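I opened this notebook to keep a record of what I looked up in one structure. The entries follow the order in which I took up each topic.

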Amino acid sequence: MATNPGILSEWPWKRLGSFKYLVLAPWVVHGCHLVATKGWRELDLSYIAILPSTLLRALHDQAWITVCPASTTPGANARSSTEASGLTRSTESGTGMRTNIKRTSAILLLLGAVYMPGGQHLPLWRTDGAVLLVLLQAGPVEFLYYWFHRALHHHFLYTRYHSHHHASIVTEPITSVIHPFAELLAYQLLFSVPMITCTLTGTASIITFEIYVIYIDFMNNMGHCNFELVPN
């Protein structure tokens, strides 16, 4: 946890223990019911695709976790910190945090697919939506992310939230999702801006959204993998 945990530091389903996965059970049951009763042709593919997308993202994260130890062995182009002895990794279960963020993301996508105007029956692809999403990510989202991250290093927010992330002295891909609930929720909402904008403007598409969330995961994992992909 953070040095001085702030409000909303704990995950809402923490007290559920191993039963926390049941949070998604109503959605899974509903999706299976739609498949069984309506058939594939009448289904909202953008709604049904959320579960496979979540599983794909989990596999993508696992691939990084699997490859990371090999990339930090002596002789590789790893940062010197990985070769130091006695440094401890995060004290919290990385697997638990990874499933926490994927669960939160799935819930937000589900809410958007059900309640947001224009969030139903998305096409597979729209070029105009892909261009809009890239511009929003490269412009206002990156700008807001930079200043939000700077703010998290202010003493007030750092001690209450962001210090939990920096407890991982030797970083690895899973470090990217080790945050208190409030901080990760803020990240999720920030990176949802391009998708919300595309949805409200009628330019959203399934493939664009899938590429976007995989891109965010990829950059997060790469940024914390503790390996110089392009060494100095």
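The entries below go from the overall fold to ring pairs, cores, cysteines and selected polar residues.

**Entry 1. Overall fold**

I note at the outset that the model is predicted. I looked up the secondary structure and found 9 helices and 0 strands in the protein chain. Read from the N terminus, the order of elements is α-α-α-α-α-α-α-α-α. I then looked up burial: 41% of the 232 residues of the protein chain count as buried. For the contacts in the chain with a separation of 6 or more, I recorded that 79% join residues 24 or more positions apart.

**Entry 2. Aromatic pairs**

How many aromatic pairs does a search of the whole structure find? The search returns 7. I took up Trp11 and Phe181, whose rings form an edge-to-face pair, with 5.2 Å from centre to centre and 65° between the planes. Trp11 belongs to the segment before helix 1 (25–38) and Phe181 to helix 7 (residues 181–191), so this pair ties together parts that lie 170 residues apart in sequence. I checked burial for both residues: Trp11 is buried, and Phe181 is buried as well.

I turned next to Tyr145 and Phe191, an aromatic pair that is tilted, at 5.8 Å centre to centre and 35° between the planes. Tyr145 sits in helix 5 (residues 127–152) and Phe191 in helix 7, so the pair ties together parts 46 residues apart in sequence. Are the two partners buried or partly exposed? Tyr145 has 26% relative accessibility and counts as partly exposed, whereas Phe191, with a relative accessible area of 16%, is buried. I also noted that ring pairs link Tyr145 and Phe191 with Phe148 and Tyr187 into a cluster.

Still on rings, I looked for a charge over an aromatic face. Arg103 lies over the face of Tyr21, 4.8 Å from the ring centre.

**Entry 3. Nonpolar cores**

I recalled the general background that nonpolar side chains tend to be buried together in soluble globular proteins. The largest nonpolar core here has 24 residues. Those with the most contacts inside this core are Trp11, Leu133, Phe191, Met195, Phe209 and Tyr212. Which helices each supply at least two residues of this core? I listed helix 4 (94–115), helix 5, helix 7, helix 8 (193–200) and helix 9 (206–223). Another core, of 10 residues, lies apart from the largest one, and Leu24, Leu34, Leu110 and Ala113 are among its members.

I went back to Trp11 for its surroundings. Beyond residues up to four places away in sequence, Trp11 touches Met97, Asn100, Ile101, Thr104, His179, Phe181 and Leu184.

**Entry 4. Cysteines**

I searched for disulfides and found 0. Why is there no bond from Cys68 to the closest cysteine sulfur? That sulfur belongs to Cys225 and is 6.1 Å from the sulfur of Cys68, which is too far for a bond. Cys68 counts as buried at 5% relative accessibility, and Cys198 is buried with a relative accessible area of 1%.

**Entry 5. Glu183**

I selected Glu183, which is found in helix 7 and counts as buried at 2% relative accessibility. Which side chain makes a polar contact with the side chain of Glu183? I identified His179, at 2.9 Å. Not counting residues up to four places away in sequence, Glu183 touches Leu152, Tyr161 and His162. For Leu152, I noted a position 31 residues from Glu183 along the chain, with the two C-alpha atoms separated by 8.8 Å.

**Entry 6. Arg57**

I placed Arg57 in helix 3 (residues 50–71). Arg57 is buried, with a relative accessible area of 5%. The side chain of Arg57 is joined to that of Asp217 by a polar contact of 2.7 Å. With neighbours within four places in sequence left aside, the contacts of Arg57 are Lys102, Ser105, Val213, Ile214 and Asp217.

**Entry 7. Thr199**

My last lookup was Thr199, which lies in helix 8. Thr199 counts as buried, at 7% relative accessibility. Leaving aside its neighbours within four places in sequence, I recorded contacts of Thr199 with Met116, Pro117, Gly118, Gly119, Ala204 and Phe209. Phe209 had already appeared in Entry 3, among the residues with the most contacts inside the largest nonpolar core.

Conventions. Residues are numbered from 1 along each chain as its sequence is written. This is a predicted model: local features need pLDDT of at least 70, side-chain atom pairs count only at pLDDT 80 or more; totals for chains, interfaces and linings use all residues. Side-chain values use heavy atoms; hydrogens and water are left out. Rings of Phe, Tyr and Trp (its six-membered ring) pair if their centres lie within 6.5 Å; planes under 30 degrees apart count as stacked, over 60 as edge-to-face and the rest as tilted. Helices (H or I, at least four residues) and strands (E, at least two) are DSSP runs, numbered from the N terminus. Buried means under 20% relative accessible area, exposed over 50%, partly exposed in between (1.4 Å probe, protein chains only). A charge sits over a ring if NZ of Lys or CZ of Arg is within 6 Å of the ring centre and within 35 degrees of the ring normal. Contact means heavy atoms within 4.5 Å. A polar contact is a pair of N or O atoms within 3.5 Å; within protein, one must be able to donate a hydrogen and the other to accept it, and residues adjacent in sequence count only if both atoms are side-chain atoms. A nonpolar core is a set of buried Ala, Val, Leu, Ile, Met, Phe, Trp, Tyr and Cys residues joined through side-chain atoms within 4.5 Å. A disulfide is a pair of cysteine sulfur atoms within 2.5 Å.
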